[in-house]
Amino acid sequence: MKFGHLLDIGEITPSIFSKFSKFQKAKIFLTLYNANVKNELKIPLKYAKFLKIEDIFRAYIDDLLKINSLKICKVKNFCLVSNALIHAYLQGDFSRLKFMAKEPVYHVAKLIKILYSSGKFELCFEANDMFAGFVYDKISKKHPDKQIYLKDGVIFAECSGKKIFGVMPSFKEISKDSFHTAKSEILRATRILNESDLEAMFIVFPRNGKFLKHVEVRHKACRCSGKLKLVPYTISHKLF
């Protein structure tokens, strides 16, 4: 399942967000995007007001170029690659972009290279990967006292060498009437609980109007005391 803007198709949004407004969709995309990129490539959420992904990134780049052009200071670093990329963007001609092997120094140039590597604007991700990266980022920030790491698609929290809990992100739209669609995730989480001394396993899904509360699962195959819960996860930059 893709989320973003493809060269030949245009904007693609997962069906799970189909009932959301254009602004909500844009904000969700930026929230997921920001959780999966370095700080220098993050986009302030206020740019969601431009609604379309291409318009959002173009507006941000344009603002960065305006800000930089107004700065009057001694030039500390001059990057030929960065300036070539910025010139290509301003001229709307990216024909030479594929020949630029070196990485640019300026943040705005790095964005331009990523977005226009094919000659036209394109930025698309696997929605499940974006969601997993977002969950990992949130858990890391929420538990700074623990070691957080990803192994085989499961996020584990460890303290003093002991695993405390595991989190399995899954980009599925579920509700109280469709928990059966999470059968494979429940079986895997149960197996992990049986093979470890975790206090709990959480299977997290994007929160939706029909899935608002945690649901504890009691599976007949579970032979341990650890808890297993299905959790609606809010896609937001805020920590809860």
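**Close-up views of a predicted model**

**View 1. A salt bridge within helix H5 of the predicted model.** Because Asp 137 and Lys 141 lie four residues apart in helix H5 (residues 127-142), about one helical turn separates them. The two residues form a salt bridge in which the closest N and O atoms are 3.2 Å apart. Asp 137 has a relative accessible area of 18% and is therefore buried, since buried means under 20%. Lys 141, with a relative accessible area of 47%, is partly exposed. A search of the whole structure finds six salt bridges, and the pair Asp 137 and Lys 141 forms one.

**View 2. The salt bridge between Lys 110 and Glu 40.** In this pair the closest N and O atoms are 3.0 Å apart. The salt bridge links distant parts of the chain, 70 residues apart: Lys 110 belongs to helix H4 (residues 107-115), whereas Glu 40 belongs to the loop between H1 and helix H2 (53-70). Lys 110 is partly exposed, its relative accessible area being 21%. Glu 40 is also partly exposed, with a value of 22%.

**View 3. The salt bridge between Glu 103 and Lys 113.** Here the closest N and O atoms are 3.1 Å apart. Glu 103 is located in the loop between helix H3 (80-91) and H4, while Lys 113 is located in helix H4, and the two residues are ten residues apart. Glu 103 has a relative accessible area of 56% and is exposed. Lys 113, in contrast, has a relative accessibility of 16% and so counts as buried.

**View 4. The buried side of helix H6.** Glu 185, Ile 186, Ala 189, Thr 190, Ile 192 and Leu 193 are the buried residues of H6. They cover an arc of only 160 degrees around the axis, and therefore lie on the same side of H6. These buried residues pack against four strands: E5 (154-159), E6 (162-169), E7 (200-206) and E9 (227-233). Helix H6 comprises twelve residues (183-194), so at 1.5 Å a residue it should span 16 Å. Its end C-alpha atoms are 16 Å apart, in agreement with that expectation.

**View 5. The surroundings of Ile 28 in helix H1.** Ile 28 is placed in helix H1 (residues 22-35). Its relative accessibility is 9%, so Ile 28 counts as buried. When residues up to four places away in sequence are not counted, Ile 28 touches Phe 3, Phe 17, Phe 20 and Ile 235. Phe 17 is eleven residues from Ile 28 along the chain, and the C-alpha atoms of these two residues are separated by 9.0 Å.

Notes. Residues numbered from 1 in each chain as written. Predicted model: local features only at pLDDT ≥ 70, side-chain atom pairs only at ≥ 80, totals over all residues. Heavy atoms only, no water. Expected span 1.5 Å × (residues − 1). Buried < 20%, exposed > 50% of the residue type's maximum accessible area, 1.4 Å probe, protein only. Arc of directions from axis to C-beta. Contact = heavy atoms within 4.5 Å. Salt bridge = Lys/Arg side-chain N within 4 Å of Asp/Glu carboxyl O.
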